Amino acid sequence: MSESVECSELPEELLRPIGKGLDTRIDILRFRGVCKSWRSAISSSDFIPRFPLNFPNPFPPPRRRRRLGWLAISHDEADHLHQQTICLLHETIFYRLTISASSDKGWLIKVEDCKMHLLDPHRERYESESDSPNILPNNFVLLDYDTVELTRAHTLEIQSLIRIGRVNKVVMFNDCHVFVVYSDGKLGHAKCGDESLTCLGEKGMEFDDVIVSEGQVYVVDRFGIGWWIKINDSTLDLVKFWNPCGSDSLKTQKHLVESDGTIYIVERYLDREWRGRHYFCVVGFKVYKKNEWGEWVLEESLGDRAFILRSDCSLSVSTREFFGYEANCIYFTQQNRIHVFKLENNSITNADLKEDKVYNQTALKHPPSGY
C-alpha cells in the first residue's frame with residue numbers, strides 16, 4: 001500500500017503544470033498561499049491573464065465632418081482617427097467571500113485587472129484608490145476565506161480621439177461570441193478575432209438588455225419581448241422566446257436578472273426618454289416573473305433577495321448570505337451614487353445616507369470571534 005504524501009512534499013515538476021493550468025487570479029493566490037513549496041513553484045508573474053482582449057471598434061467610420069474639441073476636422077482626418085481607436089474587452093469575476101470557519105454570511109467581491117475589490121452597496125466611487133476601503137489589502141490572507149464564483153461580466157474600454165457612440169451592455173458566450181447592446185438599441189455580434197461587428201435583428205428593433213443564462217443567450221427589446229439567440233455553425237438567428245412584458249413607453253428601460261435559475265424582467269421607469277441621453281432620473285421599478293402558465297405577472301416581493309443592477313451585469317443575492325444588502329430591494333447607480341428602491345413602499349433612497357454600514361475592511365482583516 002502506498003504511503004500518503006504531505007502536500008508540502010509534492011515535487012515541483014508536478015506542482016508547476018498544475019499552477020500553470022489555473023486561469024483566474026483568485027486560484028493563483030490560493031495556490032501560492034498553501035505553503036512555501038507551492039508558493040515557490042509558481043510566481044505571480046507566471047500568471048498571464050487572458051483579458052483584456054483586443055476587440056474591433058463597434059462603431060463604423062464617421063460619414064461626415066467631426067469636431068476635435070473646438071477644431072473641425074475633415075472626413076479623411078476623422079476616418080484616420082477612427083482607425084486609431086483602441087477597443088479592449090475586459091472581464092470581471094464576482095465572488096462570494098466567506099470566512100472559512102463560518103459559512104453563514106459573506107461579502108460580495110469582484111476581481112478585475114488582477115485587483116480584488118469589495119463591492120460596497122452604499123457607495124459607488126471614492127475620491128482616490130488610497131481613500132477607498134473597497135480595495136482589499138496586499139497582506140490579505142485568502143486562505144482564511146472560502147470563495148465561490150457567482151458570475152462573470154464584460155465591458156468595453158474604448159480609447160478614441162473623436163466622439164463616438166456608447167455601449168450599454170456587453171456579454172461573452174462560450175469564450176468566443178461577444179454580444180453588444182448599443183445605446184440606440186442596436187444589437188451587435190462579433191467572434192474573437194473578427195475585424196468588425198455584425199448587427200442582429202430587423203431594422204428598427206431596439207434592444208434593452210442581453211444575458212447569458214443556463215448556457216443560452218437571451219435579449220429583451222423595449223416592448224418586453226424576449227428573444228433567444230440561436231447560434232448555428234455559421235449563422236445567428238433571433239427566435240421569439242416570450243411574449244411582451246411591461247410597458248412599451250420610451251420612458252422605460254428593461255433589465256434581465258437571473259435569480260435562482262429564473263429570469264426576471266425588471267422595468268426601470270424614468271422621467272424622460274432615455275435613448276441617446278446621458279442623464280435621466282429614475283422614478284421607480286416594476287419586477288415581472290413568469291407564472292406556471294407562462295404568463296408574465298407583477299412580482300410584489302423579492303423575498304429575502306436583493307437585485308443589483310450594474311452597467312456590466314445584474315445580480316441577485318440572498319440577504320441571508322451577504323452583508324450590507326436589504327431584502328426586497330433593488331440597488332442601482334445614478335450619477336455615480338448608489339440608490340435603493342424598496343418594493344414594499346415604492347420608495348427610493350440614497351444608499352450613502354444609510355447609517356448601518358457593515359460593509360468594511362475591518363471585519364475582513366479582524367473577523368469577530370462570533371463569526
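**Exercise 1. Decide whether V141 is buried, partly exposed or exposed, and find what surrounds this residue in the chain and on the surface.**

Solution.
- Step 1: V141 has a relative accessible area of 43%. In this predicted model, a residue counts as buried under 20% and as exposed over 50%. V141 is therefore partly exposed.
- Step 2: Now look along the chain. V141 lies in the loop between β6 (115-118) and β7 (145-159).
- Step 3: Turn to the surface. Together with V34 and L143, V141 makes a nonpolar surface patch of about 200 Å².

**Exercise 2. Work out which strands form the open sheet that contains β22, and how they are arranged.**

Solution.
- Step 1: Let us begin with the order. Five strands make up this open sheet, running β21-β20-β22-β23-β24, with mixed pairing.
- Step 2: Next come the edges. β21 (314-318) and β24 are the edge strands, as each pairs on one side only.
- Step 3: Then check the angle. On average, neighbouring strands of this sheet are turned by 25° against each other, direction ignored.
- Step 4: Zoom in on one pair. β22 and β23 run antiparallel and are joined by six bridges. Within this pair, Y331 stands opposite V340 in β23.
- Step 5: What holds such pairs together? Strands of a sheet pair through backbone hydrogen bonds, either parallel or antiparallel.

**Exercise 3. Compare the loops on either side of β23: where do N336 and N346 sit, and what are their phi angles?**

Solution.
- Step 1: Start with N336, which is in the loop between β22 (329-334) and β23 (337-342). Its phi is positive, about 65°, although N336 is not a glycine.
- Step 2: Move on to N346, in the loop between β23 and β24 (347-350). N346 is not a glycine either, yet has a positive phi of about 55°.
- Step 3: Finally, add the accessibility. N336 has a relative accessible area of 42% and so is partly exposed. With 54%, N346 is exposed.

**Exercise 4. Describe how β8 and β9 are connected and paired, and how well β8 is covered.**

Solution.
- Step 1: Find the two strands. β8 spans residues 167-173, and β9 spans residues 177-182.
- Step 2: Look at the connection. The two strands form a hairpin with three residues between them. In the turn, N174 has a positive phi of about 55°.
- Step 3: Check the pairing. β8 and β9 are antiparallel, with six bridges. V171 stands opposite F179 in β9.
- Step 4: Consider the cover. Five of the seven residues of β8 are buried, making this strand mostly covered.

Conventions: Residues are numbered from 1 along each chain as its sequence is written. This is a predicted model: local features need pLDDT of at least 70, side-chain atom pairs count only at pLDDT 80 or more; totals for chains, interfaces and linings use all residues. Side-chain values use heavy atoms; hydrogens and water are left out. Buried means under 20% relative accessible area, exposed over 50%, partly exposed in between (1.4 Å probe, protein chains only). Helices (H or I, at least four residues) and strands (E, at least two) are DSSP runs, numbered from the N terminus. Two strands pair if DSSP finds at least two bridges between them. Patches are made of residues with over 30% relative accessible area and no salt bridge: like charges are joined within 9 Å, nonpolar side chains (Val, Leu, Ile, Met, Phe, Trp, Tyr) within 5 Å. Accessible areas come from the Shrake-Rupley method with a 1.4 Å probe; for residues, only the protein chains shown count as cover. A salt bridge is a side-chain nitrogen of Lys or Arg within 4 Å of a carboxyl oxygen of Asp or Glu. Axes are lines fitted to C-alpha atoms, for helices over the stretch in contact, and angles run from 0 to 180 degrees between N-to-C directions.
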